[in-house]
Every structure is written in C-alpha cells, then in structure tokens.
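I opened the structure today to go through confidence, the sheet and the helix packing. My notes follow in that order.

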Amino acid sequence: MSAACRAPHSSHRSSSRSNNSRRGRAVLLTAGAAVAALTLSACGSGGTSGGSGNTNFVTGTDGLSTVKKSARTPGPKIEGTTLEGKHLDIADYKGKVVVLNVWGSWCPPCRAEAPNFAKVANETKAKGVEFVGINTRDNDKGPALAFEKAKDIPYPSLHDPMGKLMLRFPRGTLNPNFIPSTIVLDRDGRVAARSQQPLDAEKLHKMIDPLIAEK
C-alpha cells in the first residue's frame, strides 16, 4: 500500500494532512473561480476551426478582427432550417451586410450579449443589414425558441445542433469551440470581420458601420 493510502500514525501527521487538505481545498476554490471567470467571457475555448490558415484577419486591441476589402475571401454556402422550421439561405441576402452570430441557449455570455444584438439589428436593418443566428448544441429547439422570445430577437436563427454549418467556414475563420462568435459578411458575401467574444452594441457597430459605408 502506498504512503498516500495509509492512515496517519501521529497527531503531527494528522495536523499536516489537515493543513494539506485545507490547502488543497483552497487550490480547488481558486481553480473554480478561474473556470467561472472563463465561462463568463466565453462558453468554450480551444484550437482553430478546421486548423490554421491564412485568413487575412488583422486583430485590434479591442479583440475585433477585420479584413481589408482587397484581401477578403468569399464566405461559405450557409443554408438550412430555422428554429421556426423555415428554409433560409444566406445567398438570398446578397447585396446586404450579413451578421452571423453563433449562440446557444445554454451559454451565459450568449444571454448577456443577446439584447445588444437585438438592439443593433433593429437599428441597422433599414441600412441594408441582416442578422442571422446560428443556434448550436441545442438538440431540443424548445430552450432556443424560449431564448429568442425572452430576448426579443427580431431575426431568424438556423438550427445547427451538431455545429456542421460552422465547419463550412474557410480554414481558420471560425472556431467552433468559441461560443458566442460573430462573423460579418460584406455586401458581396465575403468575410469582412470576426469576433470570438461576447459583444456590446458599441463593438457591433464598430464591425458593421464601416461595411454599411462601403460602396
């Protein structure tokens, strides 16, 4: 039997073991706090989607990534069935700026950013901007539909429980492990901006407004 499995033989050992136990609990509590902090900033983290690739993104100090107009590449074909059971094809939005937001009803940062997306979607629709959600990891549509209703989301969301739509993006563009994530397509359907963090209204406008102004 190893020493770790033996019962203590003296009060000194018992005291040491008690102190070690308290230190162990402190470490666990500290680790738990770190995990909680990470959860509030994003519901997942990890490697890049589809491996690394030359995405032409330039990331600013605010965490937003953009691609200059001459270096943009076409976005993938994104189509499917919405949470309401209707067919939606992003190609139908050609000529508009399209904001794609990956979210899940189970994700606290998604709940936190949702009112900002609803607000900016309403503010920019008349300017030629369309918002589309990509709901992922919600096998049951019920919680996702309840989420949309509670947050007054004015735009549709494609139901993508297995994350298959995210894997269609160009290599290195979208990380399925970062939720929420946001991709913005310009009026020609090319990937123009990206965020892998929860967004407030100011940052959303910072991604969208320059594309609205493009001719």
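Over which residues does the pLDDT stay under 50, and how many contacts beyond four places in sequence does the model have for them? I am working from a predicted model, and I found residues 1–41 under 50 throughout, with 13 such contacts. I noted a further stretch, residues 44–52, where the pLDDT is below 50 and the model has 23 contacts beyond near neighbours in sequence. Where pLDDT is low, the predicted coordinates should not be read in detail. For the chain I have an average pLDDT of 81, with 75% of the residues scoring at least 70.

Next, the sheet. I traced an open sheet of seven strands with mixed pairing, in the order β1-β2-β9-β8-β5-β6-β7. At its edges I have β1 (58–59) and β7 (157–160), each paired on one side only. I then looked at β5 (residues 97–103) and β8 (residues 181–185), which run antiparallel and are joined by five bridges. Leu 100 has Ile 183 in β8 as its bridge partner. I see helix α2 (residues 108–124) packed on the sheet, where α2 touches β5, β6 (129–136) and β8. The direction of α2 makes about 155° with that of β6.

Last, the helix pair. I looked up α2 against α4 (residues 201–213): their axes come within 10 Å and cross at roughly 30°. Angles under 35 degrees count as roughly parallel, so I entered α2 and α4 as roughly parallel to each other. Their crossing is right-handed. On the α2 side I listed Asn 116, Phe 117, Lys 119, Val 120, Glu 123 and Thr 124, which meet Ala 201, Leu 204, His 205, Ile 208 and Ile 212 in α4. I sorted the residues of this contact into six nonpolar, three polar and two charged.

Notes. Residues are numbered from 1 along each chain as its sequence is written. This is a predicted model: local features need pLDDT of at least 70, side-chain atom pairs count only at pLDDT 80 or more; totals for chains, interfaces and linings use all residues. Side-chain values use heavy atoms; hydrogens and water are left out. Two strands pair if DSSP finds at least two bridges between them. Helices (H or I, at least four residues) and strands (E, at least two) are DSSP runs, numbered from the N terminus. Contact means heavy atoms within 4.5 Å. Axes are lines fitted to C-alpha atoms, for helices over the stretch in contact, and angles run from 0 to 180 degrees between N-to-C directions. pLDDT is the predictor's confidence in each residue, from 0 to 100. Angles under 35 degrees count as roughly parallel, over 145 as roughly antiparallel, 65 to 115 as roughly perpendicular and the rest as oblique. A crossing is left-handed if the near helix is turned anticlockwise from the far one by less than a right angle, and right-handed if clockwise. Ala, Val, Leu, Ile, Met, Phe, Trp, Tyr, Cys and Pro count as nonpolar, Asp, Glu, Lys and Arg as charged, and the others, Gly among them, as polar.
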